[in-house]
Amino acid sequence: MRGLLRRLSALCLCGFLVLAALPARAVSFPDVKPGSWYEKDVLEMADAGLLTGLPDGTFAPEKTISWAEFVTIAARCAGLSPIQGQTSHWAAGTLEAARLAGWYDWDELPPTGEGFDKPISRQLAVKVLMRALLPHVGYDFNVESAKIKDFSALNGRYYEAVLSAYAAGVAQGDGEGSFRPLDSLSRAESCALIQRARAKAGSQTPASPYGTPGPDEYLPASPGETPPAPAEAIQGGVSENGWLQVVGTQLCNEAGEPVVLRGMSSHGLQWYGQYANAQSIQNTAAYGANVFRLAMYTGEGGCLSQPEPMKSKVIAGVEAAVENDMYVIIDWHILSDGNPMDHVSKAEAFFADMAARYADCPNVLYEICNEPNGNVSWDRDVKPYAERLVAAIRETSPQSVILIGSPTWSQDIHLAADDPVEGENLMYTLHFYAGTHGKDLRDRMDKALSAGLPLFVSEWGASRADGSGGVFLEESKVWLDFLAERGISWCNWSLCDKSETSAALKPGTSPDRAWTEEDLTESGKFVFSQF
């Protein structure tokens, strides 16, 4: 019975193919049963030279596929040639070429070889396959995520790849609608998955050079859809603007004049905290930024694991921003712990401490929940959380601006617009990535503004939503023009030297000296020029 259930699950994950009578094959395997759901895929791939059997002549369809095996087949499909590997493993050269091509990252599979023969998970296999064969497939987040019953189990790092795969029909749920992102794949399942991607890649029209959204998604909103916006907004630092306040939907200075903040977000302080030091923040201010966001992750080895070290990094970052006349956002950066209510008591204690510490400091803004995601709702989870956090902050900081997230990675602002949190000087965060999000999200912003919801883009990137791809400069310019026309403030993701296109700094850039243009990535040069 278990074997039958596994086979039925595989049919749903990789898609059932109605099999006609198969022609004579150049390759055959004694354990590939005639009429089996995977027979056509396996034999077609074998005939094409994309896979071979085991030394004993069998295929072992139920055997788990390894990293080395899966990536090698994907590389053959994509025409990726091996290069010099770092070990003597038979697949080291192919795996190194795939890693350098951006199919996966060093931390997912180090090139030192210890994980080459371990099973590859479903979410990682889909990422490799989509980047190898279908890097420009678009998707509607709400439509595709709703198809995945266990979406909350999916690591946020793989949203882009998995949702694209669902949109393309490359992957589907099992018999119960679950994707099972951490499970392994059998060799038979892998063949069906790869064949569907090959078929989609072969029929796909030429991809847009600007990534996933279609060209029309980058058009500005039509005349009449744009809500009223200030004709001109002040930039400037704290010495010029003082305490910030929210008037209508507009962030304003102490005198009630429209003001915009433009700056950088750190990456996770537990990983790249060196780029939130005094010198790095001074460097950012020197380019004209007037705000810095301190992304203190809660999970992923962040403050829930090491509260005092992370708190110390936040305090040091705030002090550096104050020294440079900048505004600074203290960001409770939830990600894998997608429901903010999971750690609401710890969030209350942290923000009560920060609000008391900076009660008389006009520089500080509080972002209380970075990106709620998974099985969360506005009315059941995020709004009650926000009400508790606002109350905790207001005990000692009655006028600081508080930034509130929304479900679906701070994109469901329409839900907040329908039922906002009571209070003054509250704004709602909107996050976007220029290679993934386009006109639909901008239209949603305009509707929210028209409904009276104040917006702050506390995170955006010139890449795709997973931090890679691009750089999408034309799409980024459309977005920044849109924000400027509406007087909306923003922070770019991210000030670090990580090997991904959303990073502003080239790998190896020192955080302890002044920077020049040569230290900036393509994204960094563009973003820094916009301050």
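This report walks through the overall make-up, two helices, one loop residue and the open and closed spaces of the structure above.

The model is predicted, so local features need pLDDT of at least 70 and side-chain atom pairs count only at pLDDT 80 or more, while totals for chains, interfaces and linings use all residues. Residues are numbered from 1 along each chain as its sequence is written, and side-chain values use heavy atoms, with hydrogens and water left out.

## The whole protein

Let us start with the broad picture. The protein has 19 helices and 10 strands; these are DSSP runs, numbered from the N terminus, with helices (H or I) of at least four residues and strands (E) of at least two. Of its 531 residues, 58% are buried. Here buried means under 20% relative accessible area, exposed over 50%, and partly exposed in between (1.4 Å probe, protein chains only). About 20800 Å² of the protein is exposed, and carbon and sulfur atoms supply 52% of that, by the Shrake-Rupley method with a 1.4 Å probe. Among contacts (heavy atoms within 4.5 Å) between residues at least 6 apart in sequence, 74% join residues at least 24 apart.

## Two helices

The table sets two helices side by side. The expected span is 1.5 Å times one less than the number of residues.

| Helix | Residues | Length | Expected span | End C-alpha distance |
|---|---|---|---|---|
| H3 | 67-78 | 12 residues | 16 Å | 16 Å |
| H12 | 307-323 | 17 residues | 24 Å | 24 Å |

How many residues of H3 are buried? The count is 9 of its 12, so H3 is mostly covered. Among them are Trp67, Phe70 and Ile73. Just after H3 comes Gly79, with a positive phi of about 75°.

In H12, the buried residues are Met310, Lys311, Val314, Ile315, Gly317, Val318, Ala320 and Ala321. An α-helix has 3.6 residues a turn, so residues three or four places apart point the same way. The cover over the buried residues of H12 includes helices H10 (269-272), H11 (278-286) and H13 (344-357), along with strands S4 (291-297), S5 (327-333) and S6 (364-367). Asp325 follows H12 and has a positive phi, near 60°.

## A loop residue

Gly508 sits in the loop between strand S10 (490-495) and helix H19 (522-529). Is Gly508 buried or exposed? Gly508 is exposed, because its relative accessible area is 65%. Gly508 lies 6.5 Å from Asp497, C-alpha to C-alpha, with their positions 11 residues apart in sequence numbering.

## Pocket and cavities

Spaces are found on a 1 Å grid over the protein atoms alone: a cavity is a set of points where a 1.4 Å probe fits but cannot get out, a pocket is an open set with protein on both sides within 12 Å along at least five of seven lines, and lining residues have an atom within 4 Å of a point. Grid points are joined across faces, edges and corners, and a volume is the space filled by probe spheres set on the points.

The largest pocket has a volume of about 1300 Å³. Of the 46 residues lining this pocket, Arg157, Asp466, Gly467, Lys498 and Glu500 are the closest to its centre. H4 (92-100), H5, H7, H10 and strand S8 (426-433) each give at least two residues to the pocket lining.

The structure also holds 4 cavities of 30 Å³ or more, and the largest cavity has about 100 Å³ of space. Its lining has 12 residues, and the closest to the centre are Met130, Pro135, Glu160, Ala161 and Ser164. Helices H5 (122-133) and H7 (159-168) are the elements that give two or more residues to this cavity lining.
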